[in-house]
Structure formats: C-alpha cells, structure tokens
Amino acid sequence: MFSELTKPLSIGWLLCTSLSTLPVLAQERPGNPGRGADVYRRYCITCHGERGDGAGEFAPYTVPKPRDFRQGTFKWRSTPSGSLPLVSDLEHTIRNGVYWTAMPSFFPLSERARRDVIAYIQTFSPRWKSDEAAMPLQIAPEPAHTPESVAKGRTVYEKQNCAQCHGDGGAGDGPAAKTETDDWGNPILPFDLTKGHMKGGTTGADLYRVFMTGLNGTPMPSFSESIAPDEAWDLVHYIQSLAVTRPGAGSVQKEKP
Amino acid sequence: MRHIAVLSLWIVTMMVAIPRPAAAVPAFARKYGVRCTVCHEAWPVLNDFGRAFRDNGYRMNLGKDEPSMTDPAYWPIYVEGQPHFGFDLVKSHTSPTGTTLQRTGQFQAGVSVLGAIGTLGAHASYLVIPVASINGLTLGFPTAEFRINDLFDSSWLNVRAGNTEPDLPVSRVRDLDLTGVGLGAYSYHSPGSVSKFDMGGNNLGVEFMGHNRGSRSRYSVSVFNVTGSPEKNTKFSTPGVSGHVTHEFSPDQGPLSAIEVGGFASYASWPVGVPGGNAMTSERKASTKYGGEVHAWFGPDALPVHAVVTLLQGRDDKALIPGGVRDGVFNGGFLEVIANPRLPFVVFGRFDFVRNQDQALPTHARDFNNQTAYSVGVKHTFEYTTRAEYALVVNYSLSQTKQGAPDGSNLSHHSLWTGITFAF
Amino acid sequence: MKRISVTTLVATAMALFAYISISNGTRASAAASQGPTGSARVVVKVVLTGSAPARAKIQTSADPYCAKVHQAEPLLSQTVEVGADGALIDALVFVKDGATGTYAVPQTPVTLDQKGCVYIPHVMGMRAGQPLVILNSDATLHNIHPMPVINAGFNIGMPVQGMKQTRFFQKVEPVFHVKCDVHPWMSAYIATFAHPFFGVSNGQGTVELGGLPAGTFQIQAWHEKYGAQVQTVSVAAGETKPLTFTYKGGA
C-alpha cells in the first residue's frame, strides 16, 4: 500500500532530479551572446556599464569597483596568473556572487541565462578570441583538517611572507597594506582574513585557488611557483583557522559544488 | 434581491478601491545599487531574482545586508505615487443600448505610499507602510510585518508576523493592472454570502514559509484572523489558514525558459450571526478555496513572454448565506500574459472569470452574478535608475456581472486609467 | 568512467608539459640566431639641460629587510638619474620606424633582478618572445607584477631568496610598467621589439645602435619623466652617425 502510494511520488522525484541535472550536462553548450546582451542589460549594466567598462551608474558608490571587462582581467580564476578565466570560473562568480561586495549571487537565474551573459561578457575583450585557452590549476583532494596541518600552515604563511600585506594576525594590516593599488590605480586593501567569510567562495578549494593563481588586476600574486600542493592545503587550513566567528558572518545559502 | 445588488456594487467598488502598496521598493535599488529590472520582470511583477530576494527576507546574503554594512546616507524609506486620470463608465443592460448608472472622469492621486523596509540584523527583516492613501483617503498601517529569517539556519523555515499579504500565484499588490479589475476570484463569494474574506488581501497573522536556494521550490502556510470580520482582530476569533506550494524548473533548450506549477488553498471562518449583532457568540462557518496555477515563460530569459493560468474552486458554507439550501460553489480563475519585448516597455493583458456552479439560493439562476473581466495595458518606463523611476501607463478594463445591476439586468463597468507611476 | 580517466591523464600530461616548458624557458623550435648584420651605426647621446630634480630618499622601513640593506646608504629615487655633463641615464632609445627586416628571436634570456629592493635594470628593452628571467636576490617577498596592455600580464609572488622565474612577452609592445605591490617604490619599465635595434642610455648617456642596414630610420628616445622624442636619421653602409636627444630639466 505504502509503496504503491510512493511510486508516483518517486517517479515525480526522478523526473524532477533528471530535469535539474540537465543544466550540468549543458555546461559545455556555448552561450548565445545576443540573448546574453539582454540578460546583461537587465542585471549587470548599473555597475558594469553599457560598454562593459565597469563605469555604470552605481560604480562611484561602491568599493571595490565593478570589474572592467575590456582587459579580460578577472580576479576569481582557476587559471594561472595573467590568464583569462575559464567559463566555469565566471559561472562560479555569477552564480555565487562575491561576498562583502555589491556583486550579488545570480543563482536564481537559469543556467542558460548565465551561460548567455558569459558569452556576452566575452565580447568586451578581444583576448577571448586571441588568447589560447589556459590550463586550469589541478587541486589535489583536501587532506584532513588537523591541528598539525594548521600549525604547518602557519609556517607556510610565515615563509611566504603573507604578513607583509595581510599582517601577522591576518587582519589585512601588514606594512605594505596602505600603499597598494589595483591595476586601474584605485587604492585596494589586502583582505582581512579574520572576517570569517572569503570573497571568492566558501570552500577550501576556493581559497586554495586564490593564492595559487593570484587575483588578476590586484596586488595579490600567484604563489604557485613557491608553494607545494600539500603546503597549500596546510595554508588553507591555517587561514581558515584565523576566521573570527561573528554574528551574521555565516550564511545559510551554502554554496553547492 | 436588493441586498444582492448592493453587494454586487460593493464588490465592484471594493475591486477599485483595494489598496496596492508595497509594489516596488526603490529603497532596495539604492541600497544594493541595482535597477528595478533586476528584481522585477516588469515592475511591480517580481522575477525569479526578486522573489528569491524577498523570500530571503530582503537579503542578498553576501555580507552587505545589515544596517551596519550600508552607507550612512542610506535610508530604508521609499515613496510611491500614481497620479492619473481615471474614467469610469458603469452601465446596466436592461435595453440593448444600456442605461448609464455612472459616468465619471477625474484626475486622481491614486495610491500614494510612504514605506520603510529593510533588515534589522542578520536574521530579521521588516516592512512598514505607515502612510498610504487612495485618492487622498488616508489608510493607517495597511501593511506592517516583521520577519525572522532562516530559523535553525535553514532557508526552509522563516516566520513572518503582521498584517501581511498572502502568497498566491499572482500577487495583488504586484499587479500591473491599475484599474482595479481582475483577480476577482480571490475575493469572490457565492451570491448572498456574508463572508467578506479576501484571499488576496492582507490578513493579520503569522506566515511560515520556506524555500530552497534560488526559491525554485517554496511553500507558505499562514494562520490568520480574517480581516474585516465583525469581531475584533485582536480576539483572533475568525481564524483562517491558507497555504501555497510552488516548484519551478528551467528547460535548458527550446522556446520555454521556465515553467512553474503550484497549488494553493485557503479556509476562512466567518460568523454567521446577524451582522452588527453579538458576533462573539455566533457560530462560525467557513468559506474555502483551492486551486492551482501554471506559469510559463517563453522566449529569452531576460525578455520573456510570461503567461499564467490560475484556476480555483470556491465553496461557501450554506450557513453563510441567509436562506441558503446548499453550499454555494463557484469556479474561477484568470489567464494573464505579460510581454516584455524590450526592457522598459511592457504590454499586459488578463482575462478573469467567475462561474457559479451551485447557487445556495434556489431563486437564483445558475449564472446569477457570474463575472467576466478583461484588462489590457501598456507601460513604458521612461527612466529607471538605482535612485528612482517613473513610467507612463495606459490601462483599460471591462468587467461584466450577470444580473448585477440594481434592476436585475446585467452590469458592465468600463474603466480607463492613464497616468504616471513613480517611485523613489 | 574510463573516458574521464583518459581525459584526466591527457590533461595532466599537458599541464606537466606546459609547466616544464615554461619553467625551463626552452623554446620548442630554436631558429638559427640571426643578429643585426648591417654595417651602419648610430651613436645616440641623451642629454638633460638645466638642473635635474634631487633624488628623493625612499622610506624603506615598511620592510625590515629592505631597511637593513639600505641602512648605511639610503635608497634614492630612480626616476631621474644624471651622469657627468647632463648625461641622462636610463633613457630607452630604439628604432621606431625603418627596421623592416625579420630578425630571429634570441634564446639567450635577459634578466630582471630584484636586488636590494629595487629592480635591476630599471629600464630595459627586450625582444618579443625572448625569455625573461626574473630573479629574486633578496631575502624578502617580492611580487613581480608587470602591467602590459598588449601582452598578457601576470603577478607572481617570489618569497624565497634565489627564486627564478622565466616568462615571455610574445607580442611587440611599447613601454609598460612593472611594479611590486609589496614595495611601492619598486618600479621597472620594459618594452618589447620585433628587431634588435634598441638600448638603454648608460652612465655617459649614450646608446649605440649598431649593425643597422643602410637606410633612413626614425629613432625614438623615451624617458620615464621626460617622455618621448623622435628624430629621423639616414645612414649609409659602413657609416657611423652621432645623434643627440636633448631634454629640458629645471631652470
């Protein structure tokens, strides 16, 4: 009796889940820049501007400044320093937003809308046509988060001299903090690692990517040439341990991989 | 017979006069640096982004929601206004040419709203509209709510308390139509019913609602005291309950950008004693409504053609209808289409109907008080920035009521609304 | 499942190959090096008339290492350096127009050293596609952050003394800035060329553009503070011509 009742339910569930997995398969599909232009004009234009120059009407009122798309310079990437991001990197940023900034999460939009707007964003820089596709960073599986790993991560933090910008306690108050500018000459502060929520994503891998590929357009360099993969995970664990839990620092809208 | 005609007129009047505040909130545009187009498919109709924002308790959930994180120059206050010229023509159809019962054309202030909305902390949101007026007639506290978000750190449980709007397939406070016609199935009652429960209106109560990330699946359950009942609201003596569930999915290919299906139901009690008598001691009987809706968005995601079909069945207990020999049953619903061919321009239209199935009073013909309404309009937003917006609207509607005129003939009501809406 | 593992394998192999080829700085096809083969010569002298601004002392205390290195002798601004008789040092001089031949890209790397918390050299020309070895001779963190417009930029953290990086700028590009965000005073300028006729003025303010073919050339001098000047010169085979660029300093 019970199974007879649940049967149509489970078929419905299967249908729902298969429909919701469709977009995952669709990731490889190219976006439509024409439709993307409509999406851009609806959601993006107030900050990123009509010409993609990051000079929209709200740009003067927000820090950090909205991304100027014309140079192909993007912070949140899985690709080496200086390279263009992967489409999946842009999708990650658009889907999850950038914490602590005016860039919201566009998760409620359909997968197709995001794919289309990425195709349109790619029309702002000629590099999307001329540059060769960059090889993404390979991230080894995360080892256990142990006190030993955190302690080792601290030595990595010291050896790499992260404190020069981020400060000894990670509060973004290192000796070089006050003089830094981004590639457009705007003052920029090193991130306060105690804030409890990273800008580029909530997972350890998101943090791993930041210091192993750098943030293009900012003073944050890539340390892929000086940090070994196992050291990198230790550093992730150490940086995570710096976070001070503050009310409201967390979010229930946890990012799904 | 007379009181039925009076009731019909009252319904027509109510449909015109129902307040529509909280339609759009430029305070959020200023706070988050977005234009109305980000949250509204066509202002004031919410899109998926706007609905998710609202379901999250007016939060983006990216660390910039709390008052302490916003610019000191930001005030969570907004103003709305709808100055317009309204023309109304009400006719009874005793003869083929009809008899004019009312012909008025005048400049009106429309709905003016001063509201405050925002977040108090990480988990608390509020909406207060202390001043709202319709054509100069001031209403006190039409909407006031307080919401606690993400109980137990889950987006599946949020609690909202106050005089709040219900969760329905199409929100009346976010309706493009400004003539006040339509969505009549929400407030309709079987002819003769004393219940004035309006499923589409604000009711004082508590809502429990939840949603997944992006609000593609969501539920809402409200427990409330029926507004307008002859007993005091505070006594919570005419309880009601309503609920709504929806699920939306987006096919990745093809002409459909999204489909949403939903179901809703309400149960509202009402005293059956003589109005003005000792309502506290009177027996209560219920009117119920249940139905479902399908939304379909065709064409580009950002410029869709949005169609909604909503069908419902309503039932008024025969005890609610003096002289009723059986429960009054009716079917109703609407088909609405909103087209957004380019960004600041919207065309909308709606067909509404209510068809009686079982009349409680044997003297009534089956189609007595059946209602049909048509509404079309265009809206062009001249300027929409992160600060303010204003739009020109031309809107026409026709509603027809079977045997709704005082002389027992059919009644028709033409309404033209032309003016501007602004929000700051 | 099988397909995925093959793809992963291929991707890993390619990544490995890319890594090796970048870090070794070896180019896949090394064409026979073909330098400037002409016999004409232009000897350029860059002069600053009037007074040069005093070289400002740079506050290096933000980094204890840099402060220690410059304890005895304070670090001075590199913006304007003048030798004897107004010789303007660190001006980039190059053939802007007229060098039409094709010249093989040398595989010998040029070096940009981060030493004593300054870039050495301060101004440099190099061939597009030529390896650039970036060296950190300091026991502190430098980040090498070139900001080209035509080429792809990068920003690499170099926290370890003796660390070397080989990078390429594949396209021809006018002078662009290189900065170190950790030490805001650190500044270098690089230009990339399709030909070998360029140089940076030395302590005598001279640059020798040798091996030119006979012909007429537009020669440009560029200085960080005083900007660009262009002159046209014609040289015959075997001939040596002097050319002077004069910049005006303070009164």
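This passage describes two helices of chain A, a sheet of chain C and the contact between the two chains, in a model that is predicted.

In chain A, helix α7 comprises the 13 residues 147-159. At 1.5 Å a residue these should span 18 Å, and the C-alpha atoms at the two ends of α7(A) lie 19 Å apart, which agrees with that expectation. The buried residues of this helix are S149(A), G153(A), V156(A) and Y157(A); because they fall within an arc of 100° when α7(A) is viewed down its axis, they line one face of the helix. P147(A) and E148(A), by contrast, are exposed and lie on the other side of α7(A). The buried residues of α7(A) pack against α10 of chain A, which covers residues 229-242. After the helix comes N161(A), which has a positive phi, near 60°.

Helix α9 of chain A, formed by residues 204-213, has eight of its ten residues buried, and it is therefore largely enclosed by the rest of the structure. The buried residues form the run D206(A), L207(A), Y208(A), R209(A), V210(A), F211(A), M212(A) and T213(A). Helix α10 of chain A, against which the buried residues of α7(A) pack, is also included in what covers the buried residues of α9(A). The residue G214(A) follows α9(A) and has a positive phi, near 75°.

In chain C, three strands form an open sheet with the order β15-β1-β18 and mixed pairing. Its edge strands are β15(C), residues 206-212, and β18(C), residues 240-248, each of which pairs on one side only. From one strand to the next, the twist averages 20°. Strand β1(C), residues 40-49, runs parallel to β18(C) and is joined to that strand by nine bridges; as regards individual residues, K45(C) in chain C has T244(C) of β18(C) as its bridge partner.

The contact between the two chains takes 25 residues from chain C and 23 residues from chain A. On the side of chain C that touches chain A, the elements that give two or more residues are α1 (2-24), β9 (142-146) and β10 (156-158) of chain C, and the largest share, four residues, comes from α1(C). Classified by residue type, this side of chain C has 15 nonpolar, eight polar and two charged residues.

How values were computed
Residues numbered from 1 in each chain as written. Chains lettered and ligands numbered in written order. Predicted model: local features only at pLDDT ≥ 70, side-chain atom pairs only at ≥ 80, totals over all residues. Pairing = 2+ DSSP bridges. Axes fitted to C-alpha atoms, helices over the stretch in contact; angles between N-to-C directions. Contact = placed C-beta atoms within 7 Å. Nonpolar A, V, L, I, M, F, W, Y, C, P; charged D, E, K, R; others polar. Expected span 1.5 Å × (residues − 1). Buried ≥ 20, exposed ≤ 12 C-beta atoms within 10 Å, placed from the backbone. Arc of directions from axis to C-beta.
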